[in-house]
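Please go through the model below. What do its pockets, one of its helices and some of its loop residues look like?

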Amino acid sequence: MLIGGLELKNNLCLAPLAGVTTLTVREFFSELGAALTHTEMISCAGLIRDNQKTFDMLKISSTEAPLVVQLFAPDEKILVSGAEQALRIKICEKFPAFGINMACPMPKITKNNCGSALLKKPDTAFKMVKGLKNFNLPVWVKIRKLENDNDTLKFVEMLLNAGADNVCIHGRTASQRYEGFADKNILKLSAKNFPNYISASGDVKTVNDIQEYLSMGCVAVMLARGAIANPFLFEEFNGTFKTYDKKIEALINFAKRAEKVSGEHKALVLMKRFVPSMLRDTEGSAEKRNLACMAVKLEEIIKILKED
């Protein structure tokens, strides 16, 4: 199916997650059936300064799903300069789309006029999309709902008029951050007003949640915290179920790959996020989850997973 200028195998995607959507994680979710993934938020200022850690976040693999390289910046000039830097390096020759983050509500991002701070600067946001479209790649924009529905619709219309190929709306306001509940009505309203351009994010925990957003007319659904809580939700949606043993095997293989690429500490942190949902409702699950959370070595978590 054609979504946001990209050919995707289904309409369930992995949302961008700071500290999570690294190369190894994206490969893992691609294997589980994600039709599209995102990089972590990549600082255009860091790219302009030739910061190596920032450039390392741009590494991609031939085995992962189509990738949106998500950038953040305070204005068009810095955004375009950062995109130029990304495109000049060989490791990014194959990425198929740019993304602009206008959704992150965290102070360390908004204090620099990035992320959700741009929701209060529609003219700047418009110019950023228009500038990025000059690279002839699809542009995906991630936003949050504004304080009222009309303002949200006006903002989305402005982004689409500037050339955005897809607008992903998280149904919480910036002031909510990650508290309360996502407003699904604004997704329904946006999808009705802008058919074929709206993706959904927020409170996606079950297959029913995914189907609800799709039934509203959203062209794609982004899994964020729901993917951490249940990595195998992608398989449940796509109907490619693994047995419990196969799920454990997949997690252990992921842990070993993550350790090889990013080191034991990073792999351990990621596994502590994914493992609790796998151990839920198993014999002695509470004790196993506690042991996994207290583990200081990756092999400790692997041992817990292997236990009957």
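This report takes the pockets, then a helix, then two loop residues.

The model is predicted.

**Pockets**

The table sets out the two largest pockets.

| Pocket | Volume | Lining residues | Nonpolar | Polar | Charged |
|---|---|---|---|---|---|
| Largest | about 800 Å³ | 34 residues | 18 nonpolar | 7 polar | 9 charged |
| Second largest | about 400 Å³ | 18 residues | 5 nonpolar | 7 polar | 6 charged |

Start with the largest pocket. Pro16, Leu17, Ala18, Cys104 and Tyr178 are the lining residues that lie nearest its centre. Four elements each give at least two residues to the lining of this pocket: the strands β6 (67–72) and β8 (139–144), and the helices α5 (107–110) and α10 (225–229). The largest share belongs to α10, with 4 residues. By residue class, the lining of the largest pocket has 18 nonpolar members, against 7 polar and 9 charged.

Now the second largest pocket. Here the lining residues nearest the centre are Thr22, Glu40, Lys53, Asp56 and Met57. Helices α1 (23–32), α3 (52–56) and α12 (244–262) each supply at least two residues of the lining, and so does strand β5 (42–43). The class split in the second largest pocket is 5 nonpolar, 7 polar and 6 charged.

**Helix α8**

Helix α8 spans residues 184–193. Which of its residues are buried? They are Lys184, Ile186, Leu187, Ser190 and Ala191. Viewed down the axis of α8, these buried residues fall within an arc of 155 degrees, so they line one face of the helix. The cover over them includes two helices, α7 (149–162) and α9 (207–215), and two strands, β9 (166–170) and β10 (198–201).

The start of α8 has a side-chain contact to the backbone. A side-chain oxygen of Asp183 comes to within 2.9 Å of the backbone nitrogen of Asn185.

Ser190 sits in α8. Its relative accessible area is 0%, so Ser190 counts as buried. What lies 2.8 Å from a polar atom of the Ser190 side chain? It is the backbone oxygen of Ile186. Setting aside neighbours within four places in sequence, Ser190 is in contact with Leu153, Ile169 and Ile198.

Lys188 is also a residue of α8. Its relative accessibility is 48%, so Lys188 counts as partly exposed. How far apart are the C-alpha atoms of Lys188 and Met216? The separation is 5.1 Å, although the two residues are 28 residues apart along the chain.

**Two loop residues with positive phi**

Asn113 lies in the loop between α5 and α6 (122–133). Phi of Asn113 is near 65 degrees, a positive value in a residue that is not glycine. At 34% relative accessibility, Asn113 is partly exposed.

Asn196 is placed in the loop between α8 and β10. Its phi is also positive, at about 75 degrees, and Asn196 is not a glycine. Is Asn196 buried or exposed? With a relative accessibility of 56%, Asn196 counts as exposed.

**In brief**

The largest pocket has a volume of about 800 Å³, and the second largest has about 400 Å³. The buried residues of α8 line one face of the helix. Ser190 is one of these buried residues, whereas Lys188 of the same helix is partly exposed. Asn113 and Asn196 each have a positive phi.

Key
Residues are numbered from 1 along each chain as its sequence is written. This is a predicted model: local features need pLDDT of at least 70, side-chain atom pairs count only at pLDDT 80 or more; totals for chains, interfaces and linings use all residues. Side-chain values use heavy atoms; hydrogens and water are left out. On a 1 Å grid over the protein atoms alone, a cavity is a set of points where a 1.4 Å probe fits but cannot get out, and a pocket is an open set with protein on both sides within 12 Å along at least five of seven lines; lining residues have an atom within 4 Å of a point. Grid points are joined across faces, edges and corners, and a volume is the space filled by probe spheres set on the points. Ala, Val, Leu, Ile, Met, Phe, Trp, Tyr, Cys and Pro count as nonpolar, Asp, Glu, Lys and Arg as charged, and the others, Gly among them, as polar. Buried means under 20% relative accessible area, exposed over 50%, partly exposed in between (1.4 Å probe, protein chains only). The arc is that of the directions from the helix axis to the C-beta atoms. Contact means heavy atoms within 4.5 Å. A polar contact is a pair of N or O atoms within 3.5 Å; within protein, one must be able to donate a hydrogen and the other to accept it, and residues adjacent in sequence count only if both atoms are side-chain atoms.
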